[in-house]
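Please open the model in your viewer and keep the sequence panel beside it, since this tour moves from one selection to the next.

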Amino acid sequence: MAARELRPEKLKKDVDISLFDFESTEELPDLEDVIGQERAVQAVEFGIGIKSHGYHMYAMGPSGTGKTSLIQNFLKKKSEEQPVPDDWCYVNNFDESDKPKALRLPAGMGCQFEEDMDTLVEELKNEIPRAFESEDYEKEKKHIQQKYQEKREEHFKELEKKAKEKGFTIVQTPRGLMITPVKNGEVLSPEEVNQLDVQSREQLEEKQKELQEEMREAMNEVQSLQQEAKEEIKKLDRQVVGYAVEHLIDSLKEQYSDQEGIVQFLEDIRKDILENVDELKQAEQKSKVQEQLPFLAQGQTGRSSFDRFSKYRINLIIDNCDLDGAPVYLESNPTHANLVGRIEHQAQLGALVTNFQMIKSGALHQANGGYLIIEAQDLLRKPLSYEALKRALKNREVEIESIQQAIGAISTRSLEPEPIPLEVKVVIIGSPLLYYMLYQYDEDFQELFKVKADFAVQMDWEDETAAQYAKFISTICKEQSLTHFSPAGVAKIVEEGFRMVSDQKRVSTQFGDVVDLIQQASYWANKNGNELVQAKDVKRAIDESIYRSNRIEERLQEMIEEGKILIDTEGEVEGQVNGISVLPLGDYAFGKPSRITSRTHVGNEGVVNIDRKAELGGKIHNKGVMILTGYLGGKFADDVPLALSASITFEQLYEEVEGDSASSAELYALLSSLSGFSIQQKFAVTGSVNQRGEVQAIGGVNEKIEGFYKTCTQKGLTGEQGVLIPESNVDNLMLREEVIESVEKGEFHIYPVKTIDEGIEILTGKKAGEKQPDGTYPEDTVNWAVQKKLLDLAEKVRDYSKGENKEE
């Protein structure tokens, strides 16, 4: 046993502080490289570099590996080397106002063009009314009105002359012009007309009909003159407005002469202004009314509904004026609207209205020409967001529509903005589980996300790794204004990095957890008044973190000490062994000893797992128990059948047990029951086993050892207690200092074993026994006793079966 026991230096990986050539991490430069993610970085570089369609990226790895921050920082550095993408804006479609046009502008031009168009609109609002208020305009307008008024009067004079010659006059009445007969300069009343003889009345009626026809013709000519006057005034208005805006628009056309889209848009504005002069004049009049009667604007938001000039502005939805390099956009809330954009509405006089200026961009617009980062879980939780993203990537354009339109829930007519071409690299960040599910069940995912960036949770330990960790700590301290670390403090952080992955040859790359420890250690250093974070500050942070989370563990240990949970740490018992399981509770996991017992008797049921019968055993645990039958059969049943009934169970187990890490302990209990040799209760056991009796590696070895150590401490250390672990788990040992100190003092022991034979010798103090050429084992060994017991059970079963046959 002494030869097999692990020495204290094997129980933990110590970091030599001589690897650090600094006194404080403040002396170190910032970390520029990515630590331990060469595979992922190479994948990201490939995804950035390849320009073919469908090579978007999925960055996968467990939480805490720093995927998001690493991807974001890495892409920002790469994006600085790339050109700034073009700006995009929506402008009014003067032919179909519900289908706004998308206008592409060179990078950085959008904000200047938006400012120029706002200036143009303000100048139009001033220049057009001023043109109509000029003396020249009023004089020319008056001249036109007077000219046509004179022509109108001439027509009426001619008509009155003809009426007078025929004995009539034209009278203005509320119902219009009327032709009335006169005699001796006096208008005849209807009664006087009726007193005339029949011949005279007929002559009057005949002349009146002729005059009415002439008056009708004259009125038509007057109306034509009025229409001509209107057209001439309208022509004058266009000339005046055209002259007023010509220099404004031509100036912008000259400024943006190399931009065909802008030049065409400005020409469309000129055309619309000239075609809608009356509307602009009315808008100005209504604006004045609104200023005098402000209650008319109540219930309106945004620009006034009377502001007819707003349609000449632009809606700059992608503004890269302040950007250096390609954009890197992280969308933390990838709803459908936040991804593809939305069309807003505003209430006006009880109705919801919209226009092209209420089009809002989405994340795909903001990231266009660069990179978009999205969390997979957030994306999949939002209705239709994933489908909208795929559609945009497949079509290579962003089409703005509401989620109701996407599912066909409404048929209300709204804006249909022109889609914008999309050139973006999307990086989805998520867990491996989501990646494999999407790859398996979504064909589009396979076609669109062809680059997998696999983030590791650990990296191989080399001497330069220590320097990288130190630079990382220094960078975090500088960024977050934390207390800097001494070499001993850095070494302690690195050692905890080994502990996080339970490996003496590899260190953690889950830097989210490392940052948490750095922050907490800095806090305790400040509280203790230390200028630098020392190793004791890091240990205090670890201890305090455990204390905040281990209430349930302490309660279970108290129950063991009080005898409510039965665990023996002294003495010997046949068919009973201490197993150890790991209980994970969120951010904390601990080892819990459990009593495993086995009873054997005559029968043919084989090895019965009581936990399985009670439906408390998981599939992997049940498999581990079934392996025991294969081990017994292969070792002891070459010549005789394996005839026995054995029961195995975890005592005082009230929840499901899963995993095969207790299968070796269950086999030890079974061998003890069969051999009659008692197992020393001062030991606990962990490790799985195969059918050949080889003890296999398990997880949580540190927590399991520490769990049994705490139980022994509670019940009293005798100097003989210890734990049996698989030899293949020795490299996974990163035990806490109190356990190592007990091992150094000879108070606690850890034994690595490769086979069941090695383990049973330690547990029973008896030789296991090697199989002899005749198939038997040396007398007074464990295997000899087991074989003898199995033969005895087989004979009893055979004799019992013969007796039954005789009775029949």
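How many disulfides does the count come to? In this predicted model, the count comes to one disulfide, taking a pair of cysteine sulfur atoms within 2.5 Å as the criterion.

Select Cys 111 and Cys 321 to see this disulfide, whose S to S distance is 2.1 Å. Viewed along the S-S bond, the torsion is about -115°, so the disulfide is left-handed. Now extend the selection to the surrounding elements: Cys 111 belongs to helix H3, residues 109-132, while Cys 321 sits in the loop that runs between strand E7 (315-318) and strand E8 (328-331), so the bond ties together parts that are 210 residues apart in sequence. With a surface displayed, Cys 111 is partly exposed at 27% relative accessibility, and Cys 321 is likewise partly exposed, at 23%.

Next, select Cys 89, which takes part in no disulfide, the nearest cysteine sulfur being that of Cys 321 at 11 Å. Is Cys 89 buried or exposed? Cys 89 counts as buried, because its relative accessibility is 0% and the limit for buried is under 20%. Cys 712 can be selected after that; this residue is buried too, with a relative accessible area of 0%.

Finally, return to the loop between E7 and E8 and select Asp 322, which lies there and is exposed at 77% relative accessibility. Adding Glu 80, Glu 81, Asp 319 and Asp 324 to Asp 322 brings up a negative surface patch formed by these residues.

Notes:
Residues numbered from 1 in each chain as written. Predicted model: local features only at pLDDT ≥ 70, side-chain atom pairs only at ≥ 80, totals over all residues. Heavy atoms only, no water. Helix = DSSP H or I, 4+ residues; strand = E, 2+ residues; numbered from the N terminus. Buried < 20%, exposed > 50% of the residue type's maximum accessible area, 1.4 Å probe, protein only. Patch = residues over 30% accessible without salt bridge, like charges linked within 9 Å, V, L, I, M, F, W, Y side chains within 5 Å. Areas by Shrake-Rupley, 256 points an atom, 1.4 Å probe, with all protein chains shown as cover. Salt bridge = Lys/Arg side-chain N within 4 Å of Asp/Glu carboxyl O. Lys, Arg positive; Asp, Glu negative; His and termini not counted. Charge placed at Lys NZ, Arg CZ, Asp CG, Glu CD.
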